[in-house]
Each structure stands twice: as structure tokens, then as C-alpha cells.
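Good morning, colleagues. I should like to take you through one structure, and I would ask you to keep the sequence and the coordinates in view as I speak.

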Amino acid sequence: MPRVKVPRKSTAVDMTAMCDVAFLLLTFFILTATARQPDPLEITTPSSTVQFKVPDKDIAIVSIGKGKVFLEIVGQDVKKLTLQKMGSLYNVPFTEEEAKRFSVVSSFGVPFGNLKKFLAMNGQEREKSGIQAGIPNDSTVNNELFEWIKQARFATAELHGVDMRISIKGNANEEYPAIRKVVDLLQKQKINKFSLITSAEAGGSN
Amino acid sequence: MAELDTSGGGKNKGGKVRSKKQSTKVDLTAMVDLAFLLITFFMLTTSLSKPSAMDIAKPDKDPKDENKLELRQSQTMTILLGKNDRIAWYMGEAGKSAPTIEGFNDIQSSLLKNKQEVKAKTGKDIIVIIKPTDASTYKNFVDIMDELSITKTNINAPAIDDDPNHLLDSEKEFMKSKGIL
């Protein structure tokens, strides 16, 4: 009996189309990606149904978590000017190099006295050294957070001619008094309107 | 498909020398592998959902400001945020009516009910006063503000009174007796 010959077919598949699609998607994701900087303070924000998105300029974000307060001023030019203003307020001159380093720091939480040391460190050292103990905001005499926000507002108004928005990004489990301390401090500057940063809620409300 | 014709054109003079036909197909498997790896990486690292911002307005705290508004007790609902995600609320004046203790799941219906009742009784909109106590968490505060905007009870901006000195004795006593302060 003659054997039936099964024609051998190549298993190679044409990958050109797949490759095209893959690179198209890749290009899209690369272009839309905004590098997410690691937050020095771990915060899980509570969720809400609010639709309004956080603007990405002329804003300062006060992060509150584990009793520590961190501040993030958005915009490199604003950050630089704020540092200079803070420097002249506390009589600590900053070099151009330090101002440059400060302008790329995202969120920081060091007492003003340690700021020079903090700026001289690289990212890893900053994380390890535990220098980021939060911005002091307790006493009325040495309320650095108050000054930081005030100077940042001045800087924003000077550079962009708009009012700086202030947002509070609190950890969901943070006890209310910690939040109240920051809110009181804002109200002392006559900021009666601010926003709370929340994450989008997955289904309905509960 | 894009393929080049590599059968050497004019070389076969005399028909003897023939260059071998070579395929120009390149194995794309590795390239596709790499592309998908990168796609996965960028997909996972991009933050697609931007956080949202909830606007809060608080009454001015200037002690010199004498312009204080008295609230009608028939119109007001006071919400106290307590420990363990519990809420106590009452209508009207403190101490006159027993507060109701609820969780965050039921507050929405209570808000809607009270809003309707006030509207039917007085013809005016409800005024909500929120008092977050020291025992409450930040999440409670955000949740209650969210509930207010969902139920649209905040036609008049809700009054947030977080001064611990403003917590009335009767309110404190009640919350303590129920174990939520």
C-alpha cells in the first residue's frame, strides 16, 4: 500500500503585521507616558465620585501621612523662586547649583535646616538616611510649612500671575486632627478654598 | 508583503551563471517579543487615572469678623463624625432630639429624607453642618463630603466646623455614651 504523503507545511507565520501593531502601540505608550516619580511618603488616598481632575500646573500639594507633612510645588521655575525667597527669609543663601537640584525634587519633607544637606544627596541616600522627617508645622514660632506655602504663592503670582491652588493629599486612615492642623494653617493665610485629592471610585458610592 | 526581487537581473548572460535566489524574509519573532515586552512595561507604568480634586470651601476664620450667620434650627442637620466609621446626626438644636447613629451606608438615605422633610416643612433648603471630631479619620471626612455632593444636599455650601472647642457638651456626652468618641 502506498503511503499517503502529507505535504509538509511551514510553521513560520508572517509576523510583519503583528510587529507593526506592536510598535504602533509601543510608540503610543512611550509618548503618553509621564514618568511617575516614587513618592517618598506612602499615601493611599480615599476615593470619591468627584470628576474634576487635578490640574498639573500652578498647584502645591500638601501630603499628609503617618503624622508627617510633605510639600510638592509643581513647576520648576516656581520651585526655584520659592527656594530663593525662603533663602532670603531665613538668611540662608542658596547657590545656583542647589536651586537647580531643588527644582527637580518632586515632593520633599525636610526641616529647613537640613535642606542644604538634603539637596547635596542623591536619590538613594535621601531615601536611606531618613532625613525626610516631614516639614515642621507644629509651633507658631517655627512654622516652616506656613512659610513654604506663603512663599510658593508669592512665587506663582509673580511668575504666572495666577493664584496658586492648594491641594491636600491625605492618607485615608490619617486621623482628622493632623488634617485640621494643615487646614488651620491655610486658613491663617486666608486660604478658605482648597481641594482634597481623591482617587476615582470604582463602582457606585458606598 | 514587501519583498525584494533578488533574482540577479542581467547576470545570466549565456544562461550558465545563476545566482541563487535568496529569501529576504527576516525572522521577526524576536523583534515582536521585544516590542510586546516594552508595551507591557509602558502600559503598567503609565498612570492612566489622574487623581481627582474635591473642592472644599471653609468659612473665614478671622476672629475680628463679626458677620456671623445664625442658623434656623428647623433647617439644620448636624452630622458628627465619630470613631470606627460611625456617624451621629441630629436635626435642629443639640440636646433636644436624640441623635441617630449610622454607618456610611445608611447616611445617604437619611440625607435625602431630611432634605425632603425640610423642604416640605419650611420651604427652604437644608443646611448641613459637618463636625469631624478628633476620633474620625480623613477618609470619613472625604466620604461625607462625597455623600453630600451625590445627594446634592450642599446647595448652600455645607458648613464644616472642625474646631474641637465648638463641639457642644451634649454632643460630646452622647457620642461618649455610645462609644464613638
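I shall speak about the contact between the two chains, then about the sheet and helices of chain B, and then about chain A.

Please bear in mind throughout that this is a predicted model.

Let me begin with the interface. How many residues does each chain bring to the contact? Chain B contributes 40 residues and chain A contributes 47 residues. On the side of chain B that touches chain A, at least two residues come from each of α1 (29–45), β1 (52–57) and α3 (138–151) of chain B. Which element gives the most to that side? It is α1(B), with 10 residues. Sorted by class, the side of chain B that touches chain A comprises 20 nonpolar, 9 polar and 11 charged residues.

A database annotation concerns this part of chain B as well. The unreviewed UniProt entry places a "transmembrane region" at residues 26–44 of chain B. In the model, residues 26–44 of chain B are 84% helix and 0% strand, and the C-alpha atoms at the two ends of that stretch lie 30 Å apart.

The two chains are also joined by strand pairing. Strand β6 (residues 193–200) of chain A is connected to β1(B) by 6 bridges, and the two strands run antiparallel. As a specific pair within this arrangement, A:Lys193 has B:Ala57 of β1(B) as its bridge partner. In general terms, the strands of a sheet pair through backbone hydrogen bonds, in either a parallel or an antiparallel manner.

I turn now to the sheet of chain B. In what order do its strands lie? The order is β4-β3-β2-β5-β6 (chain B), an open sheet of 5 strands with mixed pairing. The edges are occupied by β4 (100–102) and β6 (159–160) of chain B; each has a single partner strand, so one side of each is left without a neighbour in the sheet. For β4(B), the pairing is with strand β3 (residues 87–91) of chain B, through 3 bridges and in antiparallel fashion. Here B:Trp89 is placed opposite B:Thr100 in β4(B).

Next, the helices of chain B. Helix α2 (residues 107–122) of chain B packs against α3(B) at an angle of about 50°, and their axes are 10 Å apart. This angle makes α2(B) oblique to α3(B), and the crossing is right-handed. From α2(B), the contact involves B:Ile107, B:Gln108, B:Leu111, B:Leu112 and B:Lys115; from α3(B), it involves B:Glu147, B:Ile150 and B:Thr151. By class, the contact of α2(B) with α3(B) has 4 nonpolar, 2 polar and 2 charged residues. Recall that α3(B) is also among the elements supplying residues to the side of chain B that touches chain A.

Let me move to chain A, where helix α2 (residues 76–90) of chain A appears in two packings.

With helix α3 (residues 96–103) of chain A, the angle is about 130° and the axes are 8 Å apart. The two helices, α2(A) and α3(A), are therefore oblique to each other, and α2(A) passes α3(A) in a right-handed crossing. The residues in contact are A:Gln76, A:Lys79, A:Lys80, A:Leu83 and A:Gln84 of α2(A), together with A:Ala99, A:Phe102 and A:Ser103 of α3(A). They divide into 3 nonpolar, 3 polar and 2 charged residues.

With helix α6 (residues 144–160) of chain A, α2(A) makes an angle of about 125°, and the axes are 8 Å apart. That again makes α2(A) oblique to its partner, α6(A), and this crossing too is right-handed. Among the residues of α2(A) that meet α6(A) are A:Val78, A:Leu81, A:Met86 and A:Leu89; the residues on the α6(A) side include A:Trp148, A:Phe154 and A:Leu159. The contact of α2(A) with α6(A) counts 9 nonpolar, 3 polar and 4 charged residues.

Finally, I return to β6(A), the strand that bridges to β1(B). Which strands of chain A pair with β6(A)? Strand β1 (residues 47–48) of chain A joins β6(A) through 2 bridges in parallel, with A:Ser48 opposite A:Ala200. Strand β5 (residues 165–170) of chain A likewise joins β6(A) through 2 bridges in parallel, and there the bridge partner of A:Ser167 is A:Ser195.

How values were computed:
Residues numbered from 1 in each chain as written. Chains lettered and ligands numbered in written order. Predicted model: local features only at pLDDT ≥ 70, side-chain atom pairs only at ≥ 80, totals over all residues. UniProt positions renumbered as here; feature names shortened; annotations may be inferred. Helix = DSSP H or I, 4+ residues; strand = E, 2+ residues; numbered from the N terminus. Contact = placed C-beta atoms within 7 Å. Nonpolar A, V, L, I, M, F, W, Y, C, P; charged D, E, K, R; others polar. Pairing = 2+ DSSP bridges. Axes fitted to C-alpha atoms, helices over the stretch in contact; angles between N-to-C directions. Parallel < 35°, antiparallel > 145°, perpendicular 65-115°, else oblique. Left-handed = near helix turned anticlockwise from the far one by under 90°.
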